[in-house]
Amino acid sequence: MSAKDPVLQPPPGARPDWTIDQDWEGYTADEHQVWIRLYERQTALLPGRACDAFLHGLEALDLHRAGIPDFSRINAELERLTGWSVVAVPGLVPDEVFFDHLAHRRFPAGQFIRRPEQLDYLQEPDIFHDVFGHVPMLTDPTFADYMQAYGEGGLRALDLGRLHNLARLYWYTVEFGLLQTPAGLRIYGAGIVSSHAESIFALDDPSPNRLAFDLERVMRTPYRIDDFQQVYFVIPSLQALLDATLQDFAALYASIARRQDLAIDEVTPSDRVFTRGYQSYAARGGRTAA
Ligand code: PHE
Ligand code: CO
């Protein structure tokens with residue numbers, strides 16, 4: 001959808017920018033319990049798996065205290081650290097609304113939490129994915145700048161008709177990114193750190209490819225929204241990621257437009273390979289076969 005198309009209206013009760021009140025008092029004891037179970041399961045798993053910036057952010061925001069966090073409490077600290085804040089939205093919002101929030105250092109987070117029988121998987125991002133997964137990284141000054149730049153870049157990509165390419169950058173960094181460290185690969189992507197099974201799969205499973213991050217390469221690589229990734233891209237540092245995206249993407253979009261997409265499991269001669277995956281999980285049929 002381009003920014004010139006008729007703009008979708010927010011649902012009843014939402015403000016023109018699609019935000020709603022979090023209504024923290026309205027969460028039930030069972031809903032808080034779901035948060036606590038997910039929180040405890042992930043924090044037991046993540047030391048030695050999540051990157052330091054994520055683990056520090058988690059600690060700085062003290063996200064677990066009484067179950068589902070109150071955004072007004074998180075925001076006091078987050079605004080002090082990097083000038084970001086979290087705003088509640090009813091669910092997925094239109095692209096231009098999403099990008100506009102990011103460009104203004106506001107992260108739109110789902111207000112609802114998954115049901116107890118959905119602990120392992122749900123398709124729409126809930127408050128656990130959005131807040132536990134995304135918000136800790138926003139305490140890192142470099143990542144905070146990257147997310148704002150992404151919002152600005154999203155508005156441009158919409159105008160240029162290249163959102164499908166830019167969306168892959170979000171997917172393979174913000175959602176499913178890995179970071180190289182002297183101690184080994186670490187997770188910084190929210191889609192991984194908020195998932196118990198993928199926090200193990202992304203680092204340990206012999207199935208997926210793990211390749212060095214390359215901006216144009218990533219923009220030519222399709223992704224899957226319904227299952228574990230078949231490829232993860234590894235950045236050398238958060239600063240390197242920010243530096244790689246400072247260039248004007250218009251020229252990059254033009255060059256990509258002349259080339260074909262890669263296959264999702266392809267490894268090319270110019271790829272720097274961390275792990276060449278067997279793709280055995282995908283070949284077995286993935287989640288549907290499990
Ligand atoms: N530099 C990009 C552009 O010119 C903007 C951007 C920055 C996009 C960071 C994504 C991440 O469009
Ligand atoms: Co997400």
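These notebook entries record what I looked up in a predicted model of a protein with a bound ligand.

**Entry 1: the surroundings of ligand 1**

I began with the residues around ligand 1. The shell is made up of Tyr146, Ala149, Tyr150, Gly153, Arg156, Leu166, Leu169, Thr245, Leu246, Gln247, Asp248 and Phe249. I then sorted these residues by character and obtained 7 nonpolar, 3 polar and 2 charged.

Next I asked which helices supply at least two residues each of this shell. They are α6, which spans residues 141-160, and α7, which spans residues 163-175. The largest share comes from α6, with 5 residues.

**Entry 2: polar atoms beside ligand 1**

I looked up three distances between the protein and ligand 1. A polar atom in the side chain of Arg156 is 2.5 Å from an oxygen atom of ligand 1. For Gln247, the atom concerned is a backbone N or O, and it lies 2.7 Å from a nitrogen atom of the ligand. Phe249 also takes part through its backbone, where a polar atom is 2.9 Å from an oxygen atom of ligand 1.

How much of the accessible area of ligand 1 does the protein cover? On its own the ligand has 330 Å² of accessible area, and the protein covers 92% of this. I also noted that ligand 1 takes up the space of the second largest pocket.

**Entry 3: helix α5 and His129**

I turned to helix α5, residues 127-134, to see how far it is covered. I found that 8 of its 8 residues are buried. They are Ile127, Phe128, His129, Asp130, Val131, Phe132, Gly133 and His134.

I selected His129, which lies in this helix, for a further check. Its relative accessible area is 12%, so His129 counts as buried, the cut-off being under 20%. The side chain of His129 is joined to that of Glu175 by a polar contact of 3.3 Å.

**Entry 4: two residues with positive phi**

I searched the backbone angles for residues that are not glycine and yet have a positive phi. Trp18 is one of them, with a phi of about 75 degrees. Trp18 is placed in the segment before α1, the helix of residues 29-45.

Asp62 also has a positive phi, of about 50 degrees, and it is not a glycine either. Its place is in the loop between α2 (52-61) and α3 (71-82).

Are these two residues buried or exposed, or do they fall in between? Trp18 has a relative accessible area of 10% and is buried. Asp62, at 23%, is partly exposed, because this class lies between the limits of 20% and 50%.

**Entry 5: Asn209 and Leu242**

I ended with two residues and their distances to other parts of the chain. Asn209 is found in strand β5, which covers residues 209-212. With a relative accessible area of 1%, Asn209 is buried. Asp265 is 56 residues away from Asn209 along the chain, and their C-alpha atoms are 7.2 Å apart.

Leu242 belongs to helix α11, residues 238-244. Leu242 is buried as well, at 10% relative accessibility. How far apart are the C-alpha atoms of Leu242 and Val193? They are separated by 21 Å, and the two residues are 49 residues apart along the chain.

Key
Residues numbered from 1 in each chain as written. Chains lettered and ligands numbered in written order. Predicted model: local features only at pLDDT ≥ 70, side-chain atom pairs only at ≥ 80, totals over all residues. Heavy atoms only, no water. Near = heavy atom within 4 Å. Polar contact = N/O pair within 3.5 Å; in protein donor to acceptor, adjacent residues only side chain to side chain. Areas by Shrake-Rupley, 256 points an atom, 1.4 Å probe, with all protein chains shown as cover. 1 Å grid on protein atoms, 1.4 Å probe; cavity = no way out; pocket = protein on both sides within 12 Å on 5 of 7 lines; lining within 4 Å. Sits in = over half its atoms within 2 Å of the grid points. Helix = DSSP H or I, 4+ residues; strand = E, 2+ residues; numbered from the N terminus. Nonpolar A, V, L, I, M, F, W, Y, C, P; charged D, E, K, R; others polar. Buried < 20%, exposed > 50% of the residue type's maximum accessible area, 1.4 Å probe, protein only.
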